[in-house]
Each structure stands twice: as C-alpha cells, then as structure tokens.
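Hi everyone, thanks for making time. I'd like to walk you through a structure that may be new to you, so have a look at it while I talk.

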Amino acid sequence: MTSTQDGSVVIFGSGLIGRSWAMLFASGGFKVKLHDIEQQQITKALEHIRKEMKALEQSGTLKGSLSADQQLALISGSTDLKVAVEGAMYIQECTPENLELKKKVFSQLDLIIDDKVILSSSSSCLLPSKMFMGLKHVKQCIVAHPVNPPYYVPLVELVPHPETAPSTMERTYALMKKIGQSPVKIRKEVDGFILNRLQYAIISEAWRLVDEGLISPSDLDIVMSDGLGMRYAFIGPLETMHLNAEGMSNYCERYSEGMKRVLKTFGPVPDFSGATLENVHQAMCARVPADPAHLAARRQWRDECLMKLAKLKSQMEAE
Ligand code: NAI
C-alpha cells in the first residue's frame with residue numbers, strides 16, 4: 001500500500017510535462033512542490049491536476065493507492081524558488097526546451113541546493129554535457145526524459161553527464177520504479193538519446209516511402225498501428241527477431257542477408273518540406289483537422305487508448 005514518503009519532490013516548470021510528473025510523484029505518495037515563474041501557470045496547473053485526478057478516480061484509473069483527495073493534498077505550488085527547493089530530495093526540471101534557459105535555471109539551482117538532492121532534467125534532446133557544464137553539483141545531475149503523456153506511457157530514459165555519479169543514476173532509477181515508471185539506463189549520452197533515434201529512423205523511412213509514391217500517408221500509418229506497433233507494445237524489435245525464428249542466431253542466419261540488402265536501399269535524410277510535406281499534411285488533416293478542438297479530441301482518444309493498453313499490459317505481465 002502506498003503511503004506518504006519522506007522528502008519532497010520539486011517540479012520546476014508547471015506546463016504539460018511538469019503537471020504529469022506532479023501527478024506521478026503524488027501517486028507514489030511524495031510531497032510535490034510545483035514551481036514556475038508565473039503564479040498564473042501554477043494556479044492553472046493545480047486546477048488541471050485536480051480535474052484530471054478526479055476524472056481518473058471516477059473511471060477507476062487513478063494510479064497509486066491514495067485517493068484523489070489524498071494525492072491532491074500532497075501537491076502545493078510556489079513561485080519562490082528557495083521555498084520550493086527547501087527540504088527537496090529530487091528536482092525535476094520541466095522548463096521549455098531551450099539550452100540557454102535550462103543552463104540559467106541549473107546555475108540558479110546550483111547555488112542553493114545541498115549535496116544530496118538530485119537535479120534532473122526532462123529535456124527531450126539537449127545533451128547533459130551541454131546543460132550541466134561547469135556546475136558545482138554536476139555529480140548530482142541527470143536527464144530523466146519522459147514520453148508524452150508520461151502518466152500513461154511509463155518509459156523514462158535516464159541519461160548521465162560524463163561526471164554524473166553512479167549513485168545519482170541508481171537513486172533516480174529506484175525513484176522512477178517507485179512511482180511506477182519504467183526507467184532505462186543509457187550508458188553514455190548520445191544525440192537524440194535512444195527513443196528519438198529509433199523514432200527518427202522510422203519517421204525518416206516513412207517519409208521516403210511516401211515521397212517515392214510507394215504508399216499513401218494514411219496506409220503508411222496503418223502499417224505501424226495495425227502491424228509493427230501491435231507487437232512492439234509488448235515486445236521490442238530484438239525479442240521480435242528472437243521469436244520470429246528459432247532464436248536470435250537462427251533469425252540472423254535466415255534473414256541477415258535480406259535485411260542488409262534492403263537496408264542498403266535506404267535513401268538520404270529527407271528535407272521534410274515541399275510537395276511531400278503538403279501531401280502528408282493534407283492526408284493527416286483529412287483524418288484529424290489541424291484546429292485546436294479536433295487535435296485535443298484526438299489526443300484525448302489517444303490517451304484513453306494508452307490507458308487501456310497500460311491496463312492490458314499489466315494484466316498480461318501478471319499472468
Ligand atoms: P511547457 O511549455 O508546456 O511548460 C514549460 C513551463 O515552464 C511553463 O509553465 C513555463 O511558465 C515554465 N517556465 C518557463 N521558464 C521558467 C523559469 N525560468 N522558471 C520556472 N518555470 C519556467 O513545456 P513542456 O511541453 O511541459 O516541456 C517541458 C520539458 O519537457 C522540455 O524540456 C521538453 O523538451 C520536455 N519534454 C516534452 C515532451 C512533450 O511532448 N511536450 C515530452 C518529453 C519531454
């Protein structure tokens with residue numbers, strides 16, 4: 001049974017990702033302090049979290065074993081950085097993806113934190129060596145990159161700076177596990193981390209196939225959503241290879257020549273512009289018009305699908 005935990009967590013930036021992190025930490029019983037430069041952002045975030053938690057509780061999908069009211073009581077907000085950081089054991093930075101801004105934020109924090117707190121960034125693609133360069137507390141710094149929406153998609157990529165202490169990685173890993181996320185340890189920083197490198201490889205080939213007129217944009221998406229994606233929700237590409245033959249070695253014996261032949265035909269990095277962009281844009285708008293109301297409705301549907309998938313995954317893992 002989840003009970004409240006010692007030490008508070010600071011969410012630095014209460015936008016889309018910050019709110020989700022706040023809900024996850026509260027679900028694990030942690031006291032959460034939301035910090036932002038604007039009081040209005042904090043007020044909006046607290047209201048959004050309250051509505052979300054109540055809706056999740058009603059649908060029986062609220063995470064953790066505390067009630068929505070108990071979890072909400074754990075979350076507070078402050079625009080005063082010193083007040084927010086006092087007593088914190090973990091700080092999750094969620095400011096916009098801008099290197100100069102993040103460097104400024106981390107150097108501010110570097111001046112007021114103790115030697116124990118973990119300083120973690122949600123950055124999607126800024127390298128730890130760039131963000132944490134020159135900080136006195138660099139050993140305590142790490143990237144914990146979530147996937148949107150983090151409440152439903154549990155993966156968190158943990159990316160160390162070359163000087164990050166192994167204990168920072170281990171403590172962050174344990175904390176992510178505690179709040180029900182699925183952390184992975186990246187051993188050395190690499191541009192795009194792992195998830196986006198895989199994602200960009202797929203986007204890039206998808207774009208080239210449409211560009212060459214080999215398939216329509218909507219059929220391309222079906223290849224993923226009704227094909228590869230079905231199994232990738234449960235097993236990764238490497239285990240897929242292992243299961244699609246008599247083990248991995250046998251798969252490579254059987255298929256490596258074919259894979260290498262096809263891979264050699266892959267084209268250059270696309271430009272993501274011009275006629276192909278127009279074609280893909282039109283096809284996507286035919287499915288989901290690109291106005292805020294349609295996009296929000298489709299995102300909500302996506303989140304419901306992900307929530308149900310998460311339920312199915314945990315049932316299947318328990319079997
Ligand atoms: P957002 O724009 O929704 O929220 C940013 C928040 O930071 C705002 O509330 C803003 O008022 C606040 N802020 C700006 N400057 C500040 C400062 N100096 N001090 C305190 N607060 C400040 O951004 P979002 O989408 O939540 O992204 C945050 C981080 O998470 C980015 O690094 C992004 O790359 C990463 N991320 C985003 C994902 C996404 O799909 N949106 C997915 C995974 C990671």
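Let me start with a small puzzle: in which loop is F272 found? The answer is the loop between α11, residues 248-263, and α12, residues 274-287. Before I go on, please keep in mind that this is a predicted model.

So what's up with F272? Its phi is near 55°, a positive value in a residue other than glycine. As background, most residues other than glycine have a negative phi, and most peptide bonds are trans. F193 is another one to look at, with a positive phi near 50°. You'll find F193 in the loop between β8, at 182-185, and α8, at 195-211.

Now, is F193 buried or exposed? F193 is buried, because its relative accessible area is 0%, and buried means under 20%. F272, on the other hand, comes out at 37% relative accessibility, so F272 counts as partly exposed.

While we're on backbone oddities, go to P149, in the loop between β6 and β7. The peptide bond leading into P149 from N148 is cis, with omega near -5°.

Okay, let's move inside. In soluble globular proteins, nonpolar side chains tend to be buried together. Here, the largest nonpolar core has 33 residues. Which of them touch the most other members? Those are I11, W21, F25, I49, M53, Y90 and M176. As for the elements that give two or more residues to this core, we have strands β1 (8-12), β2 (31-35), β6 (141-146) and β7 (155-160), along with helices α1 (16-27), α2 (39-58), α3 (68-73) and α7 (166-178). The largest share comes from α1, with six residues.

If you want one residue to click on, try F25. Setting aside neighbours within four places in sequence, F25 is in contact with V9, I11, F30, V32, Y90, L175, M176 and I179. There's also a second, separate core, this one of 24 residues, including V10, I91, C141 and V143.

Next up, a look at the empty space, and specifically the second largest pocket. Its volume is about 620 Å³. Its lining is made of 22 residues, and the ones nearest the centre are H48, E52, Y152, Q300 and D303. Three elements give two or more residues to that lining: α1, α2 and α13, which is residues 292-318. Which of these gives the most? That would be α13, with seven residues. If you sort the lining by class, you get ten nonpolar, six polar and six charged residues.

Now for what the UniProt record says. An unreviewed entry there has the annotation "domain: 3-hydroxyacyl-CoA dehydrogenase NAD binding" covering residues 9-188. Over residues 9-188, the model is 41% helix and 22% strand, and the end C-alpha atoms are 26 Å apart. The unreviewed UniProt entry also places "domain: 3-hydroxyacyl-CoA dehydrogenase C-terminal" at residues 192-267. That span, 192-267, is 74% helix and 0% strand, with its end C-alpha atoms 20 Å apart.

To finish, three single residues to find on your screens. G15 sits in the loop between β1 and α1. G15 has a relative accessible area of 21%, so G15 is partly exposed, given that buried means under 20%. Beyond its neighbours within four places in sequence, G15 is in contact with D36 and Q41. M133 is 118 residues from G15 in sequence, and their C-alpha atoms are 25 Å apart.

Then there's G77, in strand β3, residues 75-78. G77 is partly exposed, at 37% relative accessibility. Not counting residues up to four places away in sequence, G77 touches L34 and I42. From G77 to L277 is 200 residues along the chain, with 42 Å between the C-alpha atoms.

And last, R231, which is in helix α9, residues 217-232. R231 is partly exposed as well, at 38%. Outside the residues up to four places away in sequence, R231 touches T240 and N244. R231 and S314 are 83 residues apart along the chain, and 15 Å separates their C-alpha atoms.

That's my tour, thanks for listening.

Methods. Residues numbered from 1 in each chain as written. Predicted model: local features only at pLDDT ≥ 70, side-chain atom pairs only at ≥ 80, totals over all residues. Heavy atoms only, no water. Core = buried A, V, L, I, M, F, W, Y, C linked by side-chain atoms within 4.5 Å. Buried < 20%, exposed > 50% of the residue type's maximum accessible area, 1.4 Å probe, protein only. Helix = DSSP H or I, 4+ residues; strand = E, 2+ residues; numbered from the N terminus. Contact = heavy atoms within 4.5 Å. 1 Å grid on protein atoms, 1.4 Å probe; cavity = no way out; pocket = protein on both sides within 12 Å on 5 of 7 lines; lining within 4 Å. Points joined across faces, edges and corners; volume = space filled by probe spheres on them. Nonpolar A, V, L, I, M, F, W, Y, C, P; charged D, E, K, R; others polar. UniProt positions renumbered as here; feature names shortened; annotations may be inferred.
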